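I opened a notebook for this structure and went through it entry by entry. The entries follow in the order of looking.

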Amino acid sequence: MPFANFKFPEGIIDAARKEEIIHRTTAMFVEYFGEGVRPYTMVMVEEVTDGGWGRADETLTLEKMGMKGR
C-alpha cells in the first residue's frame, strides 16, 4: 500500500490545497506503480500545532520562520 504523510504548520493550507495534495500524490503513485495501486493509496495531510515541531534540537514556530500572520 503506497502511503504518504504530509505535515504542515496549522492554518497555512486550506481544504482545497489539501485536496490538491491528495490528488497529485495519488496520481504520482499511480504513474510510478500503475493503476492497480489507486484503491490502496493512502495520503494523510496533517496540521501540526504551532511550536509542536522542531529541527536540529530547536522548536520551530511560524514566527521564527517568518510566516506569522499567514
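**Salt bridges**

I began with E35, which is partly exposed at 48% relative accessibility. I had a predicted model in front of me. The side chain of E35 meets that of R38 in a salt bridge, with 2.5 Å from N to O. I looked up R38 as well and found it partly exposed, its relative accessible area being 39%.

I then asked which residues are joined into one network by salt bridges that share partners. They are R17, E20 and R24. Within that network I checked R17 and E20, whose closest N and O atoms are 3.8 Å apart. Both residues lie in helix α1, three residues apart, which is about one turn of the helix. R17 is partly exposed at 45% relative accessibility, and E20 is partly exposed at 31%.

I noted the count for the model: five salt bridges. One of them pairs E46 with K7, and the closest N and O atoms there are 2.7 Å apart. E46 belongs to strand β2 and K7 to strand β1 (residues 3–9), so this pair ties together parts that are 39 residues apart in sequence. I also compared how far the two partners are covered. K7 counts as exposed at 52% relative accessible area, whereas E46 is partly exposed at 25%.

**Overall layout**

I listed the elements next: the protein has one helix and four strands. Their order along the sequence is β-α-β-β-β. The radius of gyration is 15 Å, well over the 11 Å that the globule rule gives for 70 residues, so the protein is more spread out than a compact globule. I took down the span of the C-alpha trace along its principal axes, about 45 × 25 × 15 Å.

I looked at burial over the whole protein: 26% of the 70 residues count as buried. The protein exposes about 5,300 Å², and carbon and sulfur atoms supply 52% of that area. Among contacts with a separation of 6 or more, 61% are between residues 24 or more positions apart.

**Two buried residues**

I picked T25, which sits in helix α1 (residues 15–33). Is T25 buried or exposed? Its relative accessibility is 8%, so T25 counts as buried, the limit being under 20%. A polar atom of the T25 side chain lies 2.7 Å from the backbone oxygen of I21. Beyond neighbours within four places in sequence, I found T25 in contact with A4, F6 and V43.

I then turned to L60, in strand β4 (residues 58–60). L60 is buried too, with a relative accessible area of 10%. Setting aside neighbours within four places in sequence, I noted its contacts with D50, G51, W53, G54, R55 and M65. I looked up the C-alpha distance from L60 to D50: 7.7 Å in space, for 10 residues of separation in sequence.

**A nonpolar patch**

My last entry concerns the surface. Which residues form a nonpolar patch there? They are M1, F3, Y40 and M42, and together they have about 500 Å² of accessible area. I looked more closely at M42, which lies in strand β2 (residues 42–48). M42 is partly exposed, at 37% relative accessible area.

Key: Residues numbered from 1 in each chain as written. Predicted model: local features only at pLDDT ≥ 70, side-chain atom pairs only at ≥ 80, totals over all residues. Heavy atoms only, no water. Helix = DSSP H or I, 4+ residues; strand = E, 2+ residues; numbered from the N terminus. Buried < 20%, exposed > 50% of the residue type's maximum accessible area, 1.4 Å probe, protein only. Contact = heavy atoms within 4.5 Å. Polar contact = N/O pair within 3.5 Å; in protein donor to acceptor, adjacent residues only side chain to side chain. Patch = residues over 30% accessible without salt bridge, like charges linked within 9 Å, V, L, I, M, F, W, Y side chains within 5 Å. Areas by Shrake-Rupley, 256 points an atom, 1.4 Å probe, with all protein chains shown as cover. Salt bridge = Lys/Arg side-chain N within 4 Å of Asp/Glu carboxyl O. Rg over C-alpha atoms; globule rule 2.2 N^0.38 Å.
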